[in-house]
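Here is a colleague's note for a reader who is meeting this structure for the first time. Please keep the sequence and the model at hand while going through the numbered points.

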Amino acid sequence: MMREAIDEFRRFQRDKEVNSQLYSKLTVRGKVQVKSSDIQVGDLIIVEKNQRIPSDMVFLRTSEKAGSCFIRTDQLDGETDWKLKVAVSCTQRLPALGDLFSISAYVYAQKPQLDIHSFEGTFTREDSDPPVHESLSIENTLWASTVVASGTVIGVVIYTGKETRSVMNTSNPKNKVGLLDLELNQLTKALFVALVALSVVMVTLQGFVGPWYRNLFRFLLLFSYIIPISLRVNLDMGKAVYGWMMMKDENIPGTVVRTSTIPEELGRLVYLLTDKTGTLTQNEMVFKRLHLGTVSYGADTMDEIQSHVRDSYSQMHSQADGNNAGSTPPRKVQSSAPRVRKSVSSRIHEAVKAIVLCHNVTPVYESRAGVSGETEFAEADQDFSDENRTYQASSPDEVALVQWTESVGLTLVSRDLTSMQLKTPGGQVLSFCILQLFPFTSESKRMGIIVRDESTAEITFYMKGADVAMSTIVQYNDWLEEECGNMAREGLRTLVVAKKSLTEEQYQDFENRYTQAKLSMHDRTLKVAAVVESLEREMELLCLTGVEDQLQADVRPTLEMLRNAGIKVWMLTGDKLETATCVAQSSRLVPRTQDTHIFRRVTSRGEAHLELNAFRRKHDCALVISGDSLEVCLKYYEHEFMELACQCPAVVCCRCSPTQKACIVTLLQQHTGRRTCAVGDGGNDVSMIQAADCGIGIEGKEGRQASLAADFSITQFRHVGRLLMVHGRNSYKRSAALGQFVMHRGLIISTMQAVFSSVFYFASVPLYQGFLMVGYATIYTMFPVFSLVLDQDVKPEMAMLYPELYKDLTKGRCLSFKTFLIWVLISIYQGAILMYGALVLFESEFVHVVAISFTALVLTELLMVALTIRTWHWLMVVAEFLSLGCYVSSLTFLNEYFGIGRVSFGAFLDFTFITTVTFLWKVSAVTVVSCLPLYVLKYLRRKLSPPSYCKLTS
């Protein structure tokens, strides 16, 4: 309780800290400081660079000349790259900041929604003639929890508190309780029933004499040690130790345990659900292939592209200024080359130019130290300094493409909202004016841009996107589909690039219709899409690009190890089917020898039924299914589908939304009742991580959102192997042993009390007085019993080498009703022997029964700990001797406790008796009788049916 209260208090302090951050609010009287908790809708808030945006706002003004700024959204959607946001042009054009109060305008915003990637609204200025209407979209918004990365921004607040996008997207995480804790709760209930039954039996044997109900309660109190109250404390301390061991393990550096209540869950997993991008792969893209239909260029032939690009630009350059002979490069042989070659050259030039223009990438320059005084002067030449240029974009694929064009000679040097500059291999700067930009969305799966070349005034519409979306848009060809398939099989992410030249009239007509559609308040998205689609017809196919997402280190051996440990791995990804399948094969999630069944796209009940029947006929093959087909199957045939999927050695679900990922986890838990674990690295994996029994977050390229929401945070996927095989396995085995031992400790003393009461005509008199009972559960036996958390059956290296050892744990045989009953029998046997032995051997000096039986009891407990331990640790030896020392030293000043019921017998224990040989041999005899048979049984069991780990250690 205390620990959880401290956690809760820390959360409260963090919330308070966030809510009391100060922001500048713009009023008619100037700037005022307000707490973020006091911000209201309609306030004008100023946010500085690197400050968190306190609520959802519409972006009105910025200090940047371009009228746009960058924000970092890693806490909102898990993506680490910067997003470009645009100020409302009507307010950005106002001469000064104070003029915001001199105009009469209002903002219309749609009602609060979940979707962080869309927004519809309008900005209307009424005091101008005619009134100005501007449409607002996602690029004019600043969502709460994002951080301003450049300049200072001013926005008008549209949503606060629970209506902000970031709060609406957080689900309430459930409190996770480990399976081991639930099992121990069941056993504790059984012990409670036993306690009541024993008390009733005692009262019955008394014959219900006198006020029997009073005696019943006295017996309940006497036997209350059956209920292991110290179990929770011991287990919680144990869990803290396991967490500390995980964080201190040098083989998995950077591991953080965020939920200390479920380390044992890591030892019971049957299903592991993992994300693909950034978890199995590095989310680092490398450009691998360019295909032009007749010719394909790979990593080793990139220099050819470079020379083609250099030639085509040098020719253009020489034509532009033919009089300057010095500028013509030596490679003028090109003109006499055959016609075909030239066409390849021009096609390469077109393709590279399209790739370098069609994107949403912005080059960012880090200002170098030392130029602070002369920033104005440095502006001019800063554009061309390559060493401090970095690219920012919303997808790593785009950055990889632009970096590749730089490597072949065509460099993107600057970009703002309306223009883009490229640098040619010869150092010339080409300017392009950006007329329209159609960003990538998960529905359209493509992005487009319309640019005007400043030098020739040509207008071109470039487009790139997924093959599914682009195949219908480009002119007929016979190679695209086949080549996309080939690249996907190699594990490359493909993009199709196309272009279309427009005349000035065509463009003007398009622009008018587009602006009209953007202002409509009803079905705006549909209308805008329809206008854009009128352009997307019969486009000229330029090229197909292939980008590789490299696998994380040691993914293959880790997946192999998990498979051998009996863990079924499911890959849930938002990526397309081909890429997901090929990563599954390259990472050996699906072994080379195994068949894969690709579940056809189904849309209706009948199709799903047929496809499920086809899948049922296949045996032992991996399943690949897309999110929409999965949705249909779960709607009509949930039980049948889950039954078939659970039999598969591996399952790959592609095109999964975050909610679908969480839904699959919940279904697995309901249908199989087995423990699930989710591994992910982005904000889109948070719901899956929170739904699983045990969530592991990886601190990756996509920010820290997943690792903060997870129960365990690691730095690389390969650490999962050691976390489960070593730490998970040890935590579960240790907690199971510790839990049962604590129960045994209470049972044995209750058995002794029962025997004692039976001998004394069922009198409800306590056998041991107050301090002895307290000391027994704490100072005399606590350290050795707790030292079981250091026990291990095999060395970590062995556990990693033989993952099959992990498979045994999933059956839960370390802690079950069977093992529990064995411990109950041991407790009854030992308790009875200790008590009867003490009574038989002490007929003459009866008052010493307490001293003898208690000493034998403490020795028995210490010997039983020694019997349970599998590998000795020096701290265990220290704990054993420390406890023994504490007990012997306490005998001297606790002698009054060793008389039985001091009032009734008036007997005190003299120190001389304890030191006699008689006392020592009698205690030894009782202890040997209680423990020796168990040692013999353990030895025989080891010899006749050794557990699997013994076979490895011997």
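1. Before turning to the helix pairs, one cut-off is needed: angles under 35 degrees count as roughly parallel, over 145 as roughly antiparallel, 65 to 115 as roughly perpendicular, and the rest as oblique. Please also bear in mind that this is a predicted model.

2. The first pair is formed by helix α19 (residues 627–647) and helix α20 (residues 658–672), whose axes come within 10 Å and cross at roughly 25°. Since that angle lies under 35 degrees, α19 and α20 are therefore roughly parallel to each other, and their crossing is right-handed. On the α19 side the contact is made by Gly627, Leu630, Glu631, Leu634, Glu638, His639, Met642 and Cys646, while α20 brings in Gln660, Ile664, Leu667, Leu668, His671 and Thr672. By character, the residues of this contact divide into seven nonpolar, five polar and two charged.

3. The second pair consists of helix α5 (residues 179–206) and helix α6 (residues 212–222), which pack at an angle of about 140° with their axes 9 Å apart. In terms of direction, α5 and α6 are therefore oblique to each other, and α5 passes α6 in a right-handed crossing. The contact involves Leu195, Val196, Ser199, Val200, Met202, Val203 and Gln206 of α5, together with Trp212, Asn215, Leu216, Phe219 and Leu220 of α6. Nine of the residues in the contact of α5 with α6 are nonpolar and three are polar, with no charged residue.

4. For the chain as a whole, the secondary structure comes to 34 helices and 32 strands, and the C-alpha atoms fill a box of roughly 130 × 70 × 65 Å along the principal axes. Of the 954 residues, 52% count as buried. The chain exposes about 44,200 Å², of which carbon and sulfur atoms supply 57%. Among contacts with a separation of 6 or more, residues 24 or more positions apart account for 72%.

5. Some details of the backbone deserve a look in the viewer. A cis peptide bond, with omega of about -5°, joins Asp129 and Pro130, and Pro130 is placed in the loop between β8 (121–125) and β9 (132–136).

6. Which residues other than glycine have a positive phi? One of them is Ala457, with a phi of about 60°; Ala457 sits in the loop between β22 (446–453) and β23 (459–465) and is partly exposed, with a relative accessible area of 47%. Another is Arg588, whose phi is near 65°. Arg588 belongs to the loop between α17 (577–586) and β27 (596–598), and at 25% relative accessibility Arg588 counts as partly exposed.

7. Is Ser36 buried or exposed? At 13% relative accessibility Ser36 counts as buried, and its place is in the loop between β2 (30–35) and β3 (44–47). Leaving aside its neighbours within four places in sequence, Ser36 is in contact with Val18, Asn19, Ser20, Gln21, Tyr23, Arg52 and Pro54. Gly680, by comparison, is 644 residues apart from Ser36 in sequence and 32 Å apart in space, C-alpha to C-alpha.

Note on methods:
Residues are numbered from 1 along each chain as its sequence is written. This is a predicted model: local features need pLDDT of at least 70, side-chain atom pairs count only at pLDDT 80 or more; totals for chains, interfaces and linings use all residues. Side-chain values use heavy atoms; hydrogens and water are left out. Axes are lines fitted to C-alpha atoms, for helices over the stretch in contact, and angles run from 0 to 180 degrees between N-to-C directions. Helices (H or I, at least four residues) and strands (E, at least two) are DSSP runs, numbered from the N terminus. A crossing is left-handed if the near helix is turned anticlockwise from the far one by less than a right angle, and right-handed if clockwise. Contact means heavy atoms within 4.5 Å. Ala, Val, Leu, Ile, Met, Phe, Trp, Tyr, Cys and Pro count as nonpolar, Asp, Glu, Lys and Arg as charged, and the others, Gly among them, as polar. Buried means under 20% relative accessible area, exposed over 50%, partly exposed in between (1.4 Å probe, protein chains only). Accessible areas come from the Shrake-Rupley method with a 1.4 Å probe; for residues, only the protein chains shown count as cover.
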